[in-house]
Amino acid sequence: MITFAELIFNFSTMKTVIRLFVLVCLFPCFLQAQNKTLHDFTVKTIDGKDFSLSDLKGRKVLVVNVASKCGLTPQYEQLQSLYEKYKDRNFVIVGFPANNFGQQEPGTNEEIKEFCTLNYGVTFPMMQKISVKGDDMAPLYKWLTLKSENGNDDAEVTWNFQKFLIDENGKWVKSIPPKTVPLAEEIVSWIEGE
């Protein structure tokens, strides 16, 4: 027969074993989320082709959600200038059209591509229209906006033209507010920094 003291000791030991089991099972999931990088994602280009972001290894990346009918739409011009100036210095911009704010990107992918090319001469990579917030948020944007995914910070997308800086190893560095222009000192100095 088991004494009361033995029963309590066994229960305590069992709780410890259960805690260890949970920790061993969940810890790898936690590490995996934080070890994920930009390079783990594949997205679709504006032309509908798969684009592995692992192709950007070794480059600094500025990810930006864009819209054609926004007061900030003229930022396309500075984005293109920034891209032209630094594209040969291991830097790239990746644009993601999104219609999440004030229905300011209502067009199809074809219409968006035509608008960007004709009005701003955009040559940096543009991807298919996605959702950058809400229940249908694209997986890449979950990684960009949630500390539990990127391991660095929570950064809700607040409007069109929010920028995310990603280092050469695909690690999340910083979120830049929508109204901060692409040629702002904090962005340029980050690109030029070693």
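# A walk through the sheet, the helices and the salt bridges

Hi everyone, let's start with one pair of residues: Val66 has Pro97 of strand β4 standing opposite it. Before going on, please keep in mind that what you see here is a predicted model.

So which strand does Val66 belong to? Val66 is part of β3, where it sits on one side together with Lys60, Leu62 and Val64. Strand β3 covers residues 60-66, and 7 bridges join it to β4, with the two strands running parallel. Another of these partnerships is Val63, whose bridge partner in β4 is Val94.

Let's stay with β3 for a moment. Is β3 mostly buried or exposed? Of its 7 residues, 7 are buried, so the strand is largely enclosed by the rest of the structure. That holds for both faces: Lys60, Leu62, Val64 and Val66 are buried on one side, and Val61, Val63 and Asn65 are buried on the other.

Now for the wider sheet. As a reminder, the strands of a sheet pair through backbone hydrogen bonds, in a parallel or an antiparallel way. Here we have an open sheet of 4 strands in the order β4-β3-β5-β6, and the pairing is mixed. Which strands stand at the edges? They are β4, residues 91-97, and β6, residues 172-176; each has a single partner strand, so one side of each has no neighbour in the sheet. On average, neighbouring strands in this sheet are turned by 20° against each other, direction ignored.

Next, helix α6. Which of its residues are buried? The buried ones are Ile187, Val188, Trp190 and Ile191. Looking down the axis of α6, you find these buried residues within an arc of 160°, so they line one face of the helix. What covers them includes the strands β3, β4, β5 and β6, along with helix α2.

Also in helix α6 is Glu186. At 33% relative accessibility, Glu186 counts as partly exposed. Leaving aside residues up to four places away in sequence, Glu186 touches Lys174, Ile176 and Thr180. Between Glu186 and Ile176, which are 10 residues apart along the chain, the C-alpha atoms are separated by 9.0 Å.

The contact with Lys174 takes us to the salt bridges. In general, side chains of opposite charge can pair when their charged atoms come close. How many salt bridges does the structure hold? There are 4, and I'll show you some of them.

Glu186 and Lys174 form one, with their closest N and O atoms 2.8 Å apart. This pair links distant parts of the chain, since Glu186 is in helix α6, residues 185-192, and Lys174 is in strand β6, 12 residues apart. Lys174 is partly exposed, at a relative accessible area of 36%.

Another salt bridge joins Asp47 to Lys113, and here the closest N and O atoms are 2.9 Å apart. Asp47 lies in the loop between β1 and β2, while Lys113 is in helix α3, so the pair ties together parts that are 66 residues apart in sequence. Asp47 is partly exposed, with a relative accessible area of 48%, and Lys113 is partly exposed too, at 36%.

Then there is Lys44 with Asp50, whose closest N and O atoms are 2.8 Å apart. Lys44 is partly exposed at 37% relative accessibility, whereas Asp50 is exposed, with a relative accessible area of 57%.

Since α3 has come up, let's see how it meets α2. Two packed helices are described by the angle between their axes and the distance between the axes. The axes of α2 and α3 come within 10 Å and cross at roughly 75°, and the two helices are therefore roughly perpendicular to each other. Which residues meet there? Tyr76, Glu77 and Gln80 in α2 meet Phe115, Cys116 and Tyr120 in α3.

Finally, two loop residues to look up on the screen. Asn90 has a phi near 55°, a positive value in a residue other than glycine. You'll find Asn90 in the loop between α2 and β4, where it is partly exposed at a relative accessible area of 48%. Gln103 also has a positive phi without being glycine, with a value near 50°. Gln103 is in the loop between β4 and α3, and it is exposed, with a relative accessible area of 54%.

That's the tour, thanks for listening!

Definitions and conventions
Residues are numbered from 1 along each chain as its sequence is written. This is a predicted model: local features need pLDDT of at least 70, side-chain atom pairs count only at pLDDT 80 or more; totals for chains, interfaces and linings use all residues. Side-chain values use heavy atoms; hydrogens and water are left out. Two strands pair if DSSP finds at least two bridges between them. Axes are lines fitted to C-alpha atoms, for helices over the stretch in contact, and angles run from 0 to 180 degrees between N-to-C directions. A salt bridge is a side-chain nitrogen of Lys or Arg within 4 Å of a carboxyl oxygen of Asp or Glu. Buried means under 20% relative accessible area, exposed over 50%, partly exposed in between (1.4 Å probe, protein chains only). The arc is that of the directions from the helix axis to the C-beta atoms. Contact means heavy atoms within 4.5 Å. Angles under 35 degrees count as roughly parallel, over 145 as roughly antiparallel, 65 to 115 as roughly perpendicular and the rest as oblique.
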